[in-house]
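Visitor: I am new to protein models and would like to go slowly. Please take a close look at one pocket with me, and then show me what else is worth comparing with it.

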Amino acid sequence: MNTRPDQPLRLGTRRSKLAMSQSGHVADAVRAVTGRAVELVEITTYGDVSREHLSQIGGTGVFVTALRDALLRGEVDFAVHSLKDLPTAQPDDLVIAAMPRREDPRDALVARDGLTFEQLPDGARIGTGSTRRTAQLNHLALSLGKRIETVPIRGNVDTRIGFVHDGELDAVVLAAAGLNRIGRGDEATDLLSVDSVLPAPGQGALAVECLASDTDLVAALGQLDDPHTRAAVTAERSLLAALEAGCSAPVGAFADLLADGEIVNEMRLRGVVGTLDGATLVQLSTTGPVPQSYDEAMALGRELADEMLAKGAAGLMGERSL
């Protein structure tokens, strides 16, 4: 490792309450496996300070660049990202040393008066900063015989839920994992089934990243890796990359492991692309043996992407702005 054993390992993290919480959990795990002290180094990213919509400032990769720059400059030893924020292309000099076990991948509805999605009135105003959610929420509403108005929002969890409490919106949709990590999971009034709304590729998972050249640290952090999580999210991100879709495109993907009794023997990968109004969705799935390597997981994602493109997904990929 780059630092002496008597020095704390420096963990780079965004400053938000959610980022600090999830980085704190990783720091505890790293202390446990290495016996080293870990200190959090707070870093402000462009995505944190800009008030522009994500699709206008380059998608969620804007939350990542400052952390990666700090790694490359040697200001921190490793960094923790929400995996869904990472661009699909991995820099050669950095490595994702660990993907800890995934949290709940679903989207969560926080609505006024404890309402579920089905109970929302026709014309309900729902806040989301995600084109993926916009497309699928509109489609779900149409399948229930009603229409909703999706309102683009930015901000931290407090800000977003505040729109509901203030009466500006009927509901907001957030990642269930984020609510759980900051101890606010009980504020969700509905958890949206992946059968209705597919999450973002990698949603609920974390990426622990460090310099590829720091082989001792790579090995130490690797003890936190969950192979099933890694296989699933690698397939999901491969699908996203093969569709040539940025983080701001309306793509959902989810891989789950299918068990026969106690033995996990297959993985099902589902993908969706849709128009923002929800009128058109291309949604397909494929099932195969659990990938035993990075290449096998990547191949699964590419295969499903090819099928989706053949069904017309390419024509929907331009639907990126709200």
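Guide: Let's start with some vocabulary: Ala, Val, Leu, Ile, Met, Phe, Trp, Tyr, Cys and Pro count as nonpolar, Asp, Glu, Lys and Arg as charged, and the others, Gly among them, as polar. This is a predicted model, in which local features need pLDDT of at least 70 and side-chain atom pairs count only at pLDDT 80 or more, while totals for chains, interfaces and linings use all residues. Residues are numbered from 1 along each chain as its sequence is written, and side-chain values use heavy atoms, leaving out hydrogens and water.

Now for your pocket, the second largest one, with a volume of about 460 Å³. Its lining has 22 residues, and Met99, Arg230, Thr234, Tyr294 and Met298 lie nearest the centre. Two or more lining residues come from each of strand S4 (94-98), helix H8 (227-242) and helix H9 (294-310). H8 gives the largest share, nine residues. By class, the lining divides into 13 nonpolar, seven polar and two charged residues.

Some terms need their cut-offs. On a 1 Å grid over the protein atoms alone, a pocket is an open set of points with protein on both sides within 12 Å along at least five of seven lines, a cavity is a set where a 1.4 Å probe fits but cannot get out, and lining residues have an atom within 4 Å of a point. Points are joined across faces, edges and corners, and a volume is the space filled by probe spheres set on them. Helices (H or I, at least four residues) and strands (E, at least two) are DSSP runs numbered from the N terminus.

Next to compare is a cavity: the whole structure has one of 30 Å³ or more. The largest cavity has a volume of about 30 Å³, and Arg14, Phe63, Val64, Leu67, His81, Ser82 and Asp85 line it. That lining has three nonpolar, two polar and two charged residues.

Finally, visit strand S5 (residues 107-111): five of its five residues are buried, so S5 is largely enclosed by the rest of the structure. (Buried means under 20% relative accessible area, exposed over 50%, partly exposed in between, with a 1.4 Å probe and protein chains only.) Asp107, Leu109 and Ala111 point one way from S5, and Ala108 and Val110 the other. Five bridges join S5 to the antiparallel strand S8 (residues 171-175), where valine 172 is the bridge partner of valine 110. Three more bridges link S5 to strand S9 (residues 190-192), also antiparallel, and there alanine 108 stands opposite leucine 191. Strands pair if DSSP finds at least two bridges between them.
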